[in-house]
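Hi,

Here is the model I said I'd pass along. Have a look at it first, and then read on for my notes.

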Amino acid sequence: MVANKSKATKRKVAAAPQPPAEKPATNGRSAKQPEADSDQSASDYYESDEENLLANINNDDGDSSDSEGEGDASDGEVQGLNIESDSDFEEDDQEADGEEEEEDSADDVNSDSSPEEDEGESEEEDDDEGDLEFEEDLAEPEKPRAIKEGSKAGKKQAPEVESEEEDDVETKKLLEAAAKEDEKLAALDSVLGPDGEKKTRGVGSFPPERKTGRLKNSDEYAGGDTSDEEDIRNTVGNIPMHWYDEYKHIGYDWDGNRLIKPPKMDTIDEFLKRMEDPNFWRTVKDPQTGQNVVLSDEDVGLIKRIMAGRNPDQQYNDYEPWIEWFTSEVEKMPIRNIPDHKRSFLPSKSEKQKIGRLVHALKMGWVKTRAETERLAAAAKGPKFYMVWDSDHGKEDIRRIHDHVVAPKRPLPGHAESYNPPPEYLFNERELAEWNSHEEEPWRRKLHYIPQKFNSLREVPYYAQYVRERFLRCLDLYLCPRGKRTRVTVGPEYLIPKLPSPKDLQPFPTLQNLVYRGHTDMIRTISIEPKGEYLVTGSDDQTIKIWEVSTARCIKTIPTGDVVRSVAWCPNVKISLIAVASGKRTLLINPHVGDCLLSKKTDDLLAEAPKHEVVDNERISTAVQWVDVAEEEQKAGVRIVINHFREIKQVTWHGRGDYFATVMPEAQNRSVLIHQLSKRRSQFPFSKSKGLIQCVLFHPVKPCLFVATQRHIRVYDLVKQELLKKLFPSCKWISSMAIHPKGDNLLVATYEKKMMWFDLDLSTRPYQQLKLHFSAIRNVAFHQRYPLFASASDDRSVIVSHGMVYNDLMQNALIVPLRRLENHERVNDFGAFDVVFHPTQPWLFSSGADNTVRLYT
């Protein structure tokens with residue numbers, strides 16, 4: 001750039017003394033002007049533009065003769081300069097083009113610099129150019145054009161040799177002319193601005209920018225302006241086109257003629273056109289003109305690319321090679337290798353102190369946050385109220401913690417905590433036994449220590465629980481949140497749920513009617529005949545007894561040879577059979593009570609064993625065997641004996657009476673066995689261990705099996721052989737479970753003194769938890785006809801509750817505890833073991849550790 005400018009200035013100086021041309025070009029334009037692309041030619045034309053504008057300003061001032069002379073001289077100067085330097089311009093253009101290409105390539109290579117750095121470099125280059133031009137002016141001072149004209153006029157009038165005084169006068173005139181010239185140039189700059197040459201290019205008083213012959217005639221819309229490419233035939237503009245629905249035309253064309261709507265086609269014509277026209281699928285309707293437009297292949301491809309989410313341009317390559325504008329290689333010589341200052345990685349102490357002062361001011365309330373300021377401003381706008389007398393808590397407002405709640409104090413020691421208490425405060429044997437019995441429930445003790453008597457204070461030993469009690473006290477003070485809470489002014493009658501009166505829920509068992517005595521050890525299990533006439537009980541005295549319900553008379557006693565843990569009467573009314581789990585054997589006994597024909601039919605049914613065509617595998621044959629019965633047991637009523645390899649805890653029947661299941665908790669993956677009476681076969685439903693299985697239960701209606709482990713209950717489909725759902729009682733040890741006669745609700749008892757009611761259609765979590773007992777719950781049972789269920793616990797109580805299940809699925813079950821029956825005696829921390837309802841009457845049977853069975857009616 002600097003070289004080109006220096007050349008231009010030299011050409012100007014050389015061309016200045018030439019005489020003006022005979023035919024000056026109008027507006028500074030000539031037909032024989034050479035075409036150039038370089039910055040040099042553009043800068044020459046910009047100088048001529050300034051001269052023309054200067055001439056216009058001179059004309060406005062009234063110096064017509066000077067402006068005409070200047071115009072002629074400038075025109076001649078430009079023409080003469082252009083005529084002489086045609087070849088020079090072309091050479092300079094080639095050199096400039098070559099330099100520009102080299103600069104572009106260099107810029108591409110060194111493109112790591114930011115745009116701000118490029119701007120700074122361009123400014124520095126401009127400053128360098130200005131400095132060079134200033135040095136050239138000092139070397140070859142060029143006079144202003146007015147000074148040149150003045151010197152020419154002086155040469156015409158004055159003689160060749162002048163005196164020194166005339167030179168001084170002429171110098172003053174020249175300086176005044178130069179000052180005027182500077183004022184005109186300043187006025188020109190104010191008109192043009194910093195980019196005046198660019199803004200006023202193309203005005204009538206300036207010569208146009210010259211185009212080179214090497215440039216081709218480019219398209220007007222090559223830059224992407226496609227506003228005129230659309231065929232806009234309808235000139236109504238961007239209006240709702242439904243305004244023309246009632247007219248025959250749809251708008252107007254460029255000449256103002258109406259655009260008539262095309263004739264509408266009915267459904268048959270459209271169908272025929274769709275069948276006959278191969279381009280029907282690519283035909284769309286122009287909403288502006290109403291005409292049908294057939295899309296070209298390029299338009300269809302463009303639409304497909306847009307719908308596919310691709311670039312609309314077909315020539316666009318999505319997988320172009322990546323250009324690394326910023327290199328990832330580490331330079332050996334860093335561009336800027338100034339070491340970081342120490343303060344760049346050390347925390348500022350002054351900032352730390354400033355932040356600390358701000359935090360302290362915020363804590364003390366001297367500085368308010370924006371939210372606090374807005375809140376105070378809003379409070380100040382509202383009405384202000386003042387206490388007539390001074391407030392009660394004025395001193396508390398000064399404290400940082402308002403409304404401080406003092407920690408509760410420990411009660412003062414009483415006579416029982418003395419080292420020499422009165423004798424009435426000392427425990428006797430009964431009180432000491434009661435205190436020791438609450439070891440698992442220490443919160444039920446009246447005193448957390450045993451009072452002791454010493455003769456003197458010197459004999460008092462060290463209190464062993466002192467450190468622990470102090471620690472718990474400190475932990476309570478530290479963790480317990482203390483705050484003032486407004487008491488809810490709600491009466492206790494509103495907090496208790498509204499339940500129906502027990503009188504409205506009758507009948508249910510309320511009184512003890514009969515006691516069945518005869519066993520010599522605790523009675524673990526009981527079962528009742530489907531008709532409700534007889535009762536069977538199993539005891540730890542290795543016998544089962546059959547009782548008559550109405551008279552409490554023991555009809556028959558059958559020895560089993562081991563502890564009886566479970567008995568179950570067959571629910572099939574056509575068979576008189578009892579399943580007994582005694583030790584490692586399951587006994588099927590015909591009690592020979594009731595109908596003689598029924599008993600004989602049962603014996604005939606079990607007399608001959610069916611022949612097996614399929615041999616059991618080793619896994620089943622080693623775990624269970626169907627064996628023949630000895631003569632003594634045959635006389636006692638035993639018909640079938642099934643030997644197991646582990647102790648049996650439970651036996652339960654299927655509703656039809658052909659299948660029954662046994663549970664051996666210690667057998668791991670062979671804990672559950674399902675036996676078929678008609679074929680005398682056994683099978684294992686599970687191949688993997690699901691945990692320590694406690695009990696199983698058949699669904700009363702569906703072919704489902706409920707398996708209860710210690711913490712979960714799984715429901716299996718026996719037909720599909722798959723897991724249906726898994727219930728989560730949220731307990732640690734399940735003891736037993738019972739299912740509602742309809743099969744939609746399940747009651748689970750736990751050793752943690754809780755009962756869980758599950759709605760199987762609602763959720764896998766308990767619908768309701770019942771905490772009615774004070775000790776472990778042993779068993780639960782539903783009534784077959786009445787909405788009743790009962791539970792037996794080690795706290796020697798049997799609780800009868802109302803459990804109504806509605807047919808409306810939107811209505812929840814109604815659960816109401818009715819009566820607590822505490823007639824059993826507690827033996828060795830055991831209370832009531834089992835409960836069972838009468839099949840037809842609202843009667844309840846319960847067995848306990850006191851060797852009795854009790855009937856409640």
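R854 sits in strand β33, which covers residues 852-856. Bear in mind that this is a predicted model, so everything below is computed from predicted coordinates. Is R854 buried or exposed? With a relative accessible area of 6%, R854 is buried, because the cut-off for that class is under 20%.

What does R854 touch once its neighbours within four places in sequence are set aside? Part of the list comes from the stretch with Q512, L514, V515, Y516 and R517. N823 and H824 are also in contact with R854, and so are L844, F845 and S846. Within its own strand, β33, the R854 side chain has a polar contact of 3.5 Å with the side chain of T852.

T852 also leads to the other residue I wanted to show you, H519. The C-alpha atoms of T852 and H519 are 7.2 Å apart, although 333 residues separate the two along the chain. H519 is in a loop, with β5 (512-517) on one side and β6 (523-528) on the other. Despite the loop location, H519 comes out as buried, because its relative accessibility of 6% falls under the 20% cut-off.

Two side-chain polar contacts are worth pulling up in your viewer. One joins H519 to T537 at 2.7 Å, and the other runs from the H519 side chain to that of D541 at 3.1 Å. Both T537 and D541 also appear among the residues that H519 touches beyond four places in sequence. The rest of that list is S539, T543, K545, W547 and N851.

Now for the whole chain. It has 857 residues, 32% of them buried, and the secondary structure comes to 19 helices and 33 strands. Of the contacts with a separation of 6 or more, 52% are between residues 24 or more positions apart. The exposed area is about 58700 Å², and carbon and sulfur atoms supply 52% of that.

On confidence, the mean pLDDT is 76, and 72% of the residues reach 70 or more. Which stretches should you handle with care? Residues 1-50 stay under 50 in pLDDT, and the model has 87 contacts beyond four places in sequence for them. Residues 224-229 are also below 50, and that stretch has two contacts in the model beyond near neighbours in sequence.

Cheers

Methods. Residues are numbered from 1 along each chain as its sequence is written. This is a predicted model: local features need pLDDT of at least 70, side-chain atom pairs count only at pLDDT 80 or more; totals for chains, interfaces and linings use all residues. Side-chain values use heavy atoms; hydrogens and water are left out. Helices (H or I, at least four residues) and strands (E, at least two) are DSSP runs, numbered from the N terminus. Buried means under 20% relative accessible area, exposed over 50%, partly exposed in between (1.4 Å probe, protein chains only). A polar contact is a pair of N or O atoms within 3.5 Å; within protein, one must be able to donate a hydrogen and the other to accept it, and residues adjacent in sequence count only if both atoms are side-chain atoms. Contact means heavy atoms within 4.5 Å. Accessible areas come from the Shrake-Rupley method with a 1.4 Å probe; for residues, only the protein chains shown count as cover. pLDDT is the predictor's confidence in each residue, from 0 to 100.
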